[in-house]
Amino acid sequence: MIFETHAHYDDEQFNEDRDELLRSMADNGIGTIVNVGASLRGCRDSIVLAKRYPFVYAAVGVHPDEVGDLNEETFAWLKDQFAYDKVVAVGEIGLDYYWDNESHDVQKKWFIEQLNLARELELPVIIHSREAAADTLEIMKEHAKGLRGVIHCFSYSAELAREYVKMGFYIGIGGVVTFKNARKLKETAAEVPLEQIVLETDCPYLAPVPNRGKRNSSLNLKYVAEEIARIRGLATEEVIEQTAINAKQLYNIK
Ligand code: NI
């Protein structure tokens, strides 16, 4: 069964058919889903989903675009959410210099605070990094030593992927790998050991070919697994099985 390591089913794009869609997962080969919080509301709603569906787990953390909502009080609230045992990771956290919603200093401050929180809670981290390769690596080297985690929706070079793999991190690969022009990501998918790759959608965003441009869901992960298998000359089933083992190790799910 496919393990979906990064989804946002709390997104309003799923309001019409969320329950029906989630109930169809098992019949379509999707075994486990981690729903990732990005905003404070998203964290709360991820936990609601984890409570409602046995195969859904939650990650709690604030995305760099949303860290303007963090202060002492809301950060204390955030910490409290980890009391629920189906919260399996801190994320998504990181730096986003593409949207640049918050100043780099504010993004860095809350990135580091949340890395420290993961260390305190002994939980893995889900890293979001967009157009911020150098600053992310610098912070990770200084503040993420010994932490487990995944670099989600990896968008940098294969060389940088190898660097994170050396640090013990997993590389999250999603729909973009199926795009014709995704040369760097195809290279990463070929070079990173299969034992360090996990599958993700980031749905509702980034649907793979042949559904590019449409609303994404975990049902499309088979296309991602197929493309990684094609690139590596493996059977799709082997990619599905190994990435599921990896994901369970990443999130410490039995
Ligand atoms: Ni995401």
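**Reading a predicted sheet and its largest pocket**

Biologist: In this model Glu-4 stands opposite Ile-33 in strand 2. How many bridges join strand 1 to strand 2, and do they run parallel or antiparallel?

Modeller: Bear in mind that the model is predicted. As a general idea, strands of a sheet pair through backbone hydrogen bonds, either parallel or antiparallel. In the present case, strand 1 and strand 2 run parallel and are joined by four bridges. Strand 2, covering residues 30–36, is mostly covered, with six of its seven residues buried.

Biologist: What is the order of the strands in the sheet, and which strands form its edges?

Modeller: The sheet is open, and its eight strands follow the order 1-2-3-4-5-6-7-8 with parallel pairing. The edges are formed by strand 1 (2–7) and strand 8 (197–199), each of which pairs on one side only. From one strand to the next, the twist averages 30°.

Biologist: Further along the sheet, which residue in strand 6 is the bridge partner of Val-125, and which helix lies across strand 5?

Modeller: The partner of Val-125 is Gly-149, and strand 5 (residues 125–130) runs parallel to strand 6 (residues 149–151), the two being joined by three bridges. Helix 5, residues 133–143, lies across strand 4 (87–96), strand 5 and strand 6, and runs at about 150° to strand 5.

Biologist: Turning to empty space, what is the volume of the largest pocket, and which residues lie nearest its centre?

Modeller: The general idea is that rolling a probe the size of a water molecule over the atoms shows where empty space is left. Here the largest pocket has a volume of about 970 Å³. Its lining comprises 39 residues, and those nearest the centre are His-128, Arg-130, Cys-153, Asp-202 and Leu-206. Two or more lining residues come from each of helix 2 (40–52), strand 4, strand 5, strand 7 (170–173) and helix 7 (183–191). By class, the lining divides into 13 nonpolar, 13 polar and 13 charged residues.

Biologist: Where is Cys-153 found, and what is its phi?

Modeller: Cys-153 is found in the loop between strand 6 and helix 6 (158–166), and although it is not a glycine, its phi is positive, at about 50°. Its relative accessibility is 21%, and therefore Cys-153 counts as partly exposed, the cut-off for buried being under 20%. Asn-252, in the segment after helix 9 (236–251), also has a positive phi, of about 55°, without being a glycine. Because its relative accessibility is 52%, Asn-252 counts as exposed.

Biologist: Which residues does a cis peptide bond join in strand 4, where Glu-92 is found?

Modeller: The cis peptide bond joins Gly-91 and Glu-92, with omega about 10°, and Glu-92 is found in strand 4. Val-209 and Pro-210 are likewise joined by a cis peptide bond, with omega about 10°; Pro-210 is found in the loop between strand 8 and helix 8 (221–232).

Biologist: Finally, is Cys-43 buried or exposed, and with which residues is it in contact once neighbours within four places in sequence are left aside?

Modeller: Cys-43, which lies in helix 2, counts as buried because its relative accessible area is 0%. With those neighbours left aside, Cys-43 is in contact with Gly-37, Val-60, Gly-61, Trp-77 and Leu-78. Met-140 is 97 residues apart from Cys-43 along the chain, and their C-alpha atoms are separated by 23 Å.

Note on methods: Residues numbered from 1 in each chain as written. Predicted model: local features only at pLDDT ≥ 70, side-chain atom pairs only at ≥ 80, totals over all residues. Heavy atoms only, no water. Pairing = 2+ DSSP bridges. Axes fitted to C-alpha atoms, helices over the stretch in contact; angles between N-to-C directions. Contact = heavy atoms within 4.5 Å. 1 Å grid on protein atoms, 1.4 Å probe; cavity = no way out; pocket = protein on both sides within 12 Å on 5 of 7 lines; lining within 4 Å. Points joined across faces, edges and corners; volume = space filled by probe spheres on them. Nonpolar A, V, L, I, M, F, W, Y, C, P; charged D, E, K, R; others polar. Buried < 20%, exposed > 50% of the residue type's maximum accessible area, 1.4 Å probe, protein only.
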